[in-house]
Amino acid sequence: WLSGPPLRRAFAALGDYADLKLPERTGHARRVARLASAAADVPIHAGDTLDDLATRVHATEHELLVTTLIALVARSPHARPPSPQEQP
């Protein structure tokens, strides 16, 4: 199993490979990875399966999406405070 810097290098290589499909998007995967790593960490545990990791990644993406949408709506000139049911 890979962890730490070797794992990050492997993911970067996969992202670079994916970016080859659209040359005008070169570097896109790395920029997204920087933004995502600044926003939230998703732990990788020793006994994880790919499904375990995917479940945590999707849950984190959902939390970030909800948090971002709430922040954007709050900045709107027509904003109202979210009700308790609307808060994450």
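Which residues does Asp19 touch, not counting residues up to four places away in sequence? The tour comes to that at its second stop.

**Whole chain**

Begin with everything displayed, and keep in mind that this is a predicted model. The chain has 3 helices and 0 strands. Followed from the N terminus, its elements read α-α-α. Of the 88 residues in the chain, 7% are buried. If you turn on a surface, the accessible area is about 7,500 Å², and carbon and sulfur atoms account for 64% of that.

Next, colour the chain by pLDDT. The mean for the chain is 77, with 81% of residues at 70 or more. Helix H1 has the highest confidence, at a mean of 80, while H2 has the lowest, at 72.

Contacts can be sorted by separation along the sequence. Taking those between residues at least 6 apart, 19% join residues at least 24 apart.

**Asp19**

Select helix H1, which covers residues 4–19, and go to Asp19. Is Asp19 buried or exposed? Its relative accessible area is 10%, so Asp19 falls under the 20% cut-off and counts as buried. Now display its neighbours: leaving aside residues up to four places away in sequence, Asp19 touches Arg25, Thr26, Gly27, His28 and Ala29. That list settles the opening question. One of these neighbours, His28, is where helix H2 (28–39) begins.

**Phe11 and its patch**

Stay in helix H1 and select Phe11. Phe11 has a relative accessible area of 45%, which lies between 20% and 50%, and therefore Phe11 is partly exposed. Add Leu14 and Ile44 to the selection. Together with Phe11 they form a nonpolar patch on the surface, and the three have about 310 Å² of accessible area together.

**Asp41**

Move on to the loop between helix H2 (28–39) and helix H3 (50–75), and select Asp41 there. How does Asp41 count, as buried or exposed? Its relative accessibility is 68%, so Asp41 is over the 50% cut-off and is classed as exposed. Asp19, by contrast, is buried at 10%.

For the last step, select Thr60 as well and draw a distance between the two C-alpha atoms. Asp41 and Thr60 stand 19 residues apart in sequence, and their C-alpha atoms are 8.2 Å apart in space. Thr60 falls within the span of helix H3 (50–75), whereas Asp41 sits in the loop before that helix.

Conventions
Residues are numbered from 1 along each chain as its sequence is written. This is a predicted model: local features need pLDDT of at least 70, side-chain atom pairs count only at pLDDT 80 or more; totals for chains, interfaces and linings use all residues. Side-chain values use heavy atoms; hydrogens and water are left out. Helices (H or I, at least four residues) and strands (E, at least two) are DSSP runs, numbered from the N terminus. Buried means under 20% relative accessible area, exposed over 50%, partly exposed in between (1.4 Å probe, protein chains only). Contact means heavy atoms within 4.5 Å. Accessible areas come from the Shrake-Rupley method with a 1.4 Å probe; for residues, only the protein chains shown count as cover. pLDDT is the predictor's confidence in each residue, from 0 to 100. Patches are made of residues with over 30% relative accessible area and no salt bridge: like charges are joined within 9 Å, nonpolar side chains (Val, Leu, Ile, Met, Phe, Trp, Tyr) within 5 Å. A salt bridge is a side-chain nitrogen of Lys or Arg within 4 Å of a carboxyl oxygen of Asp or Glu.
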